[in-house]
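User: I would like to learn how to read annotated sites and surface features in a model. Could you take me through some examples?

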Amino acid sequence: MSMKLPFFKKKQTEQNDEQDPENMPEHVAIIMDGNGRWAKKRGLPRIAGHREGVKAVNRVVRAAAQSHVKVLTLYAFSTENWKRPASEIEFLMKLPKEFLHVYLPDLMDNNVRVETIGDIQALPAHTQEAVTYAKDKTKNNDGLLLNFALNYGGRFEIMQAVKQMMADLDCSTLSIDSINEETFANYLFTQGLTDPDLLIRTSGEQRLSNFLLWQLAYTELWFTETYWPDFDEGIFNQALGDYQQRKRRYGGI
Ligand code: IPE
Ligand code: IPE
Ligand code: MG
């Protein structure tokens with residue numbers, strides 16, 4: 001039996017005093033950026049920043065669950081990140097396994113379901129295996145959905161959706177007249193998920209870097225100078241607090 005405390009529930013009341021539970025973002029997406037700069041600032045190799053970033057992932061998962069966020073989508077590896085040196089890519093591909101090895105018991109204890117978006121089949125076999133195992137193990141959990149964007153690109157996602165739709169048109173399982181925003185969204189990796197309410201990007205960069213291009217149409221954007229490895233509950237709660245001050249109009253008045 002696990003000796004771990006149910007940490008996601010533990011600090012609920014003290015943590016969320018300043019938040020309005022009625023106005024929580026249902027889906028939070030995060031571009032976890034700045035690992036390399038975090039390491040450089042300390043005279044360390046870039047991979048030291050990636051390793052430290054794994055701890056920040058654990059912190060944000062706890063914080064999201066405590067705040068009753070339903071979906072947390074984390075950008076872990078983009079389709080453009082293949083441009084990096086082979087040694088860095090090799091290290092990054094080991095991290096899902098390392099993260100899950102350490103934290104999967106906690107995720108199970110706390111009812112978290114693991115999912116992914118992106119082209120998983122192009123990842124090394126050992127990475128795929130770790131991810132598939134975690135998805136399968138957690139598939140019946142109905143708490144927080146922890147959704148890793150792995151080998152994900154917004155343009156790739158839209159393009160594969162179009163290709164699949166063409167194939168379905170070809171074999172008449174789809175008709176042109178039935179194509180609308182809703183049916184289109186069903187061809188995306190995020191099928192069945194609500195669009196993110198809040199997007200957080202760390203490290204001071206203010207761009208989307210090919211993340212969730214379709215889904216972010218009306219998302220509230222929040223940026224922080226903090227490098228990802230320094231990200232913690234306090235900053236996450238600050239983002240939630242700011243989100244709650246926003247007035248979402250969706251083109252209305
Ligand atoms: C984010 O940190 C992690 C990934 C993109 C995989 P970076 O590695 O991009 O760190 P910086 O932006 O170079 O500091
Ligand atoms: C975006 O960060 C991708 C991930 C966080 C996985 P990058 O560091 O790759 O983005 P750019 O290159 O600065 O736009
Ligand atoms: Mg970066």
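Analyst: Happy to! Keep in mind that this is a predicted model. Let us begin with glutamate 220, which sits in strand 6.

User: Is glutamate 220 buried or exposed?

Analyst: The idea is to compare the relative accessible area with a cut-off: buried means under 20%. Glutamate 220 has 15% relative accessibility, so this residue counts as buried.

User: Which residues does glutamate 220 touch, beyond those up to four places away in sequence?

Analyst: Its partners are Asp197, Leu198 and Leu199, together with Tyr243, Arg246 and Arg248.

User: What does UniProt say about glutamate 220?

Analyst: An unreviewed UniProt entry gives the annotation "binding site" to Glu220 and to Asp33. From this set, Asp33 is in the lining of the largest pocket.

User: Which residues does UniProt list under "active site"?

Analyst: Asp33 again, along with Asn81, and the entry is likewise unreviewed. With such a set, it helps to look at both sequence and space. These residues spread over 49 residues of sequence, yet they cluster in space, with a largest C-alpha distance of 12.1 Å. Both Asp33 and Asn81 belong to the lining of the largest pocket.

User: Where is aspartate 33 placed?

Analyst: Look at the loop that runs between strand 1 (27–31) and helix 3 (35–41); aspartate 33 is there.

User: And is aspartate 33 buried or exposed?

Analyst: The same reading applies, with buried meaning under 20%. Aspartate 33 has a relative accessible area of 16%, so it is buried. If we leave aside neighbours within four places in sequence, aspartate 33 is in contact with Arg201, Thr202, Ser203 and Glu205, and also with Tyr227 and Trp228.

User: Now for the surface. Which residues make a nonpolar patch?

Analyst: Leu208, Leu213 and Leu221 form one of about 200 Å². Leucine 221 lies in strand 6, which covers residues 220–223, and glutamate 220 is in strand 6 too.

User: How accessible is leucine 221?

Analyst: Partly exposed lies between the cut-offs of 20% and 50%. Leucine 221 has a relative accessible area of 35%, so it is partly exposed. Glutamate 220, by comparison, is buried at 15%.

Technical notes: Residues numbered from 1 in each chain as written. Chains lettered and ligands numbered in written order. Predicted model: local features only at pLDDT ≥ 70, side-chain atom pairs only at ≥ 80, totals over all residues. Heavy atoms only, no water. Patch = residues over 30% accessible without salt bridge, like charges linked within 9 Å, V, L, I, M, F, W, Y side chains within 5 Å. Areas by Shrake-Rupley, 256 points an atom, 1.4 Å probe, with all protein chains shown as cover. Salt bridge = Lys/Arg side-chain N within 4 Å of Asp/Glu carboxyl O. Helix = DSSP H or I, 4+ residues; strand = E, 2+ residues; numbered from the N terminus. Buried < 20%, exposed > 50% of the residue type's maximum accessible area, 1.4 Å probe, protein only. UniProt positions renumbered as here; feature names shortened; annotations may be inferred. 1 Å grid on protein atoms, 1.4 Å probe; cavity = no way out; pocket = protein on both sides within 12 Å on 5 of 7 lines; lining within 4 Å. Contact = heavy atoms within 4.5 Å.
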